[in-house]
Amino acid sequence: MAAQERARDGVVDLRSDTVTLPTPAMLERMQRAPLGDDGREGDPTVRALEARGAALTGKEAALFVPSGTMGNLLAMLAHAERGGEVFADAGAHLLNSELGSVVTIAGLVPKPMPSRRGAMDEAALADAIRGSERPGLIAMETTHNGAGGAVLPPPHMMRIHALGQSHGIPVHLDGARLFNASVALGVPAARIAEHADSVMVCLSKGLSAPVGSLLCGTAAFVARARTLRKLVGGTMRQSGVVAAAGLVALETMIERLSKDHAAARRLAAALSWLDPALADPDQVQTNILRIDVSASGREAAAWAEGVKQRGILVQASGPSQLRLVTHRHIDGAAVDRTIAAFAALGR
Ligand SMILES: *Cc1c(COP(=O)(O)O)cnc(C)c1O
């Protein structure tokens, strides 16, 4: 196992929770999964995963897709007509993914909204919708990647959903880390996803499955997305092999996310003791820390290189920001080593 070897070699990988490896239970389940052709009569393991995903998110149906990006893309295509406007907070992943935006690839028009900690300004959104000639979709994101793993307040989500409903505009939730939000709030994922018409969840981040995401919504919406999945080349065949790991993820890996949140809080507290300008532990709600190094006199890339020399991998995002993400492979010793590396560099 590459990451386990890296851990033994003393490398602590905080770049993302996507680096998590499948668990032994996942690998075992993958070997004995019943299989079929998911593009024909269906794969029984994929069907079981989709049923479980639908139940957990409180939706009628779910669709297994290769990635979260494809899940969001299919949601755009299934919800909105070409040329429709997509209202989302300006920092949303689906407006700012690495190579562009799934919104524009879907033939839709991005409408970035001002926001605070990932939550759109509700008055600005209402104004924008009133002024729109072709409203297509409203999209929210929780937990919010760009806002340091922030959890959207459910009452805010409820009001956004109501606004969408009053104008007949569908609401999609980018819930790549929905289960982190659920654990942080202490409420079932379905109680969060009920504030949107559709939701995408990732199995391959903190939940540790090797591959895959689910797009959930009404039966009619998912049927549309299933047809569109074929169009974009997302129909897989004996995909039960990977869906089996996703089933183990949903059955056994959700609750333990609280450990990742605790590790992130401990990291943030220790970094704030080194330098209060680095981190604010009160801002850390889940497993992501965004560290602003602008007051340190050193660029983010230099910090990343400096801690890398000490066996710690972090992500530099922009000239003044570092992103650290905790996950299953970050134990107490890894947190201690990270704190020591920052302390050594800060001197
Ligand atoms: C990771 C992520 C995605 C995309 O998921 P992939 O599986 O990497 O394509 C979408 N939205 C958010 C908020 C994410 O963090």
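In what order do the seven strands of the open sheet with mixed pairing stand? In this predicted model, the order is β2-β10-β9-β8-β7-β3-β4. The two ends of that series are β2, residues 61–65, and β4, residues 109–113. Each of these edge strands has a single partner, so one side of β2 and one side of β4 are left without a neighbour in the sheet. Averaged over the sheet and with direction ignored, neighbouring strands are turned by 20° against each other.

Inside this arrangement, the pairing of β8 with β9 can be followed residue by residue. Strand β8 covers residues 171–175 and runs parallel to β9, with four bridges joining the two. Across this pair, histidine 172 stands opposite serine 198 of β9.

Strand β9 also leads to the ligand. Two elements, α4 (68–79) and β9 (198–202), give two or more residues to the shell around the ligand. Of the elements, α4 gives the most, with three residues. The full shell holds 13 residues, and the closest are Gly68, Thr69, Asp174, Arg177 and Lys205. Sorted by class, the shell has six polar, four charged and three nonpolar residues.

Several polar contacts give a more detailed picture of this site. Glycine 68 takes part through its backbone, where an N or O atom lies 2.8 Å from an oxygen atom of the ligand. Lysine 205 uses its side chain instead: an N or O atom there is 2.8 Å from an oxygen atom of the ligand. For histidine 93, a polar side-chain atom lies 3.4 Å from a nitrogen atom of the ligand. How much of the ligand's surface does the protein bury? Taken alone, the ligand exposes 380 Å², and 84% of that is buried by the protein.

A further sheet is made of three strands. This one is also open, with antiparallel pairing and the order β11-β14-β13. Its edge strands are β11, residues 288–292, and β13, residues 315–316, each of which pairs on one side only. Strand β14, residues 321–325, runs antiparallel to β11, and five bridges join the two. One pairing to look for here is that of isoleucine 288 with valine 325, its bridge partner in β14.

Stepping back to the whole chain, the fold contains 14 helices and 14 strands. The radius of gyration is 20 Å, close to the 20 Å given by the globule rule for 347 residues, so the chain is as compact as a globular protein of that length. Along the principal axes, the C-alpha atoms fill a box of roughly 60 × 55 × 35 Å.

Two features of the backbone complete the description. Which residues are joined by a cis peptide bond, with omega at about -10°? They are threonine 142 and threonine 143. Threonine 143 lies in the loop that connects β7 (135–141) with α7 (154–167). The other feature concerns arginine 117, whose phi is near 45°, a positive value in a residue other than glycine. Arginine 117 is found in the loop between β5 (115–116) and β6 (119–120).

Notes:
Residues numbered from 1 in each chain as written. Predicted model: local features only at pLDDT ≥ 70, side-chain atom pairs only at ≥ 80, totals over all residues. Heavy atoms only, no water. Near = heavy atom within 4 Å. Polar contact = N/O pair within 3.5 Å; in protein donor to acceptor, adjacent residues only side chain to side chain. Areas by Shrake-Rupley, 256 points an atom, 1.4 Å probe, with all protein chains shown as cover. Nonpolar A, V, L, I, M, F, W, Y, C, P; charged D, E, K, R; others polar. Pairing = 2+ DSSP bridges. Axes fitted to C-alpha atoms, helices over the stretch in contact; angles between N-to-C directions. Rg over C-alpha atoms; globule rule 2.2 N^0.38 Å.
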